Amino acid sequence: FLSMIGQAVRVAKQRYPGQKAGILATTGTLDAGVYSRAFMDEGVEVVLPDEEQRRYLMSVIYDGVKAGKMPTDPEPFNAVLREMESRGAGYFILGCTELPVAVQSLGLENNFVDATTELAKAAIEYCGYEVKE
């Protein structure tokens with residue numbers, strides 16, 4: 001059984017030891033606490049988006065990527081990242097499949113861990129193949 005969340009935690013701990021994880025995901029995912037619990041179980045502190053930031057992320061996911069309308073202004077997304085960094089986030093988990101699409105569309109560069117990509121890499125390795133970067 002491969003876990004997207006477990007893979008994200010494993011990779012994040014390797015890449016960013018001792019740093020807090022900023023979790024970016026839908027409100028439902030954040031409220032369920034699946035990422036938060038997984039990180040805290042591994043001794044990693046998390047920083048979550050506030051209510052306004054959650055509304056923005058939901059809009060990016062549902063009104064943007066899912067609706068086929070890619071966001072074009074990187075500043076609101078960067079503002080979310082900066083504010084979460086001010087609260088200690090050292091890197092960011094892209095915890096929903098739409099967020100990496102938005103990040104790429106906006107041309108954002110930061111310390112991101114794409115949970116979907118890490119799951120795909122783990123599946124390739126599990127099948128006995130080598131991941132090509």
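This briefing walks through the sheet, the core, the helix contacts and a few single residues of this structure. The model is a predicted one. At its centre of interest is an open sheet of 4 strands, ordered β2-β1-β3-β4 and paired in parallel. There is also a nonpolar core, the largest in the model, with 36 residues. Strand β3 is a good thread to follow, as β3 gives the most residues to that core, namely 5.

**The sheet**

- Reading across the open sheet, the strands come in the order β2-β1-β3-β4, and their pairing is parallel.
- The edges belong to β2 (46-47) and β4, and each of these has a single partner strand, so one side of each has no neighbour in the sheet.
- In general, strands of a sheet pair through backbone hydrogen bonds, in either a parallel or an antiparallel way.
- β1 and β3 are parallel partners, joined over 5 bridges.
- Lys20 is found opposite Ala89 of β3.
- On to the next pair: β3 and β4 run parallel and are joined by 3 bridges.
- Two of the residue pairings between these strands are easy to look up: Phe92 has Phe112 in β4 as its bridge partner, and Leu94 has Asp114 in β4.
- β3 is mostly covered, with 6 of its 6 residues buried.
- Helix α5 lies across β1, β2, β3 and β4, and runs at about 150 degrees to β1.

**The largest nonpolar core**

- Within this core of 36 residues, the ones that touch the most other members are Leu24, Phe39, Phe77, Tyr91, Ile93, Leu99 and Val113.
- Helices and strands both contribute: two or more residues come from each of α1 (4-15), β1 (20-24), α3 (34-41), α4 (51-65), α5 (74-86), β3 (89-94), α6 (98-106) and β4 (112-114).
- Among these elements β3 gives the most, with 5 residues.
- Val113 is a nice residue to click on. Beyond the residues up to four places away in sequence, Val113 touches Ala8, Val11, Ala12, Arg15, Tyr16, Tyr91, Phe92, Ile93, Leu94 and Glu118.

**Where α1 meets α7**

- Helix α1 packs against helix α7 (residues 115-126) at an angle of about 100 degrees, and their axes are 8 Å apart.
- At that angle the two helices, α1 and α7, are roughly perpendicular to each other.
- On the α1 side, the residues in this contact are Met4, Gln7, Ala8, Val11 and Arg15, and they meet Ala115, Thr116, Glu118, Leu119, Lys121 and Ala122 of α7.
- Sorted by class, the contact of α1 with α7 holds 6 nonpolar, 2 polar and 3 charged residues.

**Where α4 meets α6**

- The axes of α4 and α6 cross at roughly 85 degrees and come within 10 Å.
- This pair, α4 and α6, is likewise described as roughly perpendicular.
- From α4 come Leu57, Val60, Ile61 and Val65, which meet Glu98, Leu99, Val101 and Ala102 of α6.
- By class, the contact of α4 with α6 has 7 nonpolar residues, no polar ones and 1 charged residue.

**Three residues to look up**

- Glu98 lies in helix α6. With a relative accessible area of 11%, Glu98 is under the 20% cut-off and therefore counts as buried.
- Not counting residues up to four places away in sequence, Glu98 touches Ile61, Val65 and Lys66.
- Gly95 sits in the loop between β3 and α6. This glycine, Gly95, is also buried, at 7% relative accessibility.
- Setting aside neighbours within four places in sequence, Gly95 is in contact with Met4, Leu24, Ala25 and Tyr35.
- Gly95 and Tyr56 are 39 residues apart in sequence, and their C-alpha atoms are 15 Å apart in space.
- Cys127 belongs to the segment after α7. Its relative accessible area is 55%, which is over the 50% cut-off, so Cys127 counts as exposed.
- Between Cys127 and Val44 there are 29 Å, C-alpha to C-alpha, and the two are 83 residues apart along the chain.

Conventions: Residues are numbered from 1 along each chain as its sequence is written. This is a predicted model: local features need pLDDT of at least 70, side-chain atom pairs count only at pLDDT 80 or more; totals for chains, interfaces and linings use all residues. Side-chain values use heavy atoms; hydrogens and water are left out. A nonpolar core is a set of buried Ala, Val, Leu, Ile, Met, Phe, Trp, Tyr and Cys residues joined through side-chain atoms within 4.5 Å. Buried means under 20% relative accessible area, exposed over 50%, partly exposed in between (1.4 Å probe, protein chains only). Contact means heavy atoms within 4.5 Å. Two strands pair if DSSP finds at least two bridges between them. Axes are lines fitted to C-alpha atoms, for helices over the stretch in contact, and angles run from 0 to 180 degrees between N-to-C directions. Angles under 35 degrees count as roughly parallel, over 145 as roughly antiparallel, 65 to 115 as roughly perpendicular and the rest as oblique. Ala, Val, Leu, Ile, Met, Phe, Trp, Tyr, Cys and Pro count as nonpolar, Asp, Glu, Lys and Arg as charged, and the others, Gly among them, as polar.
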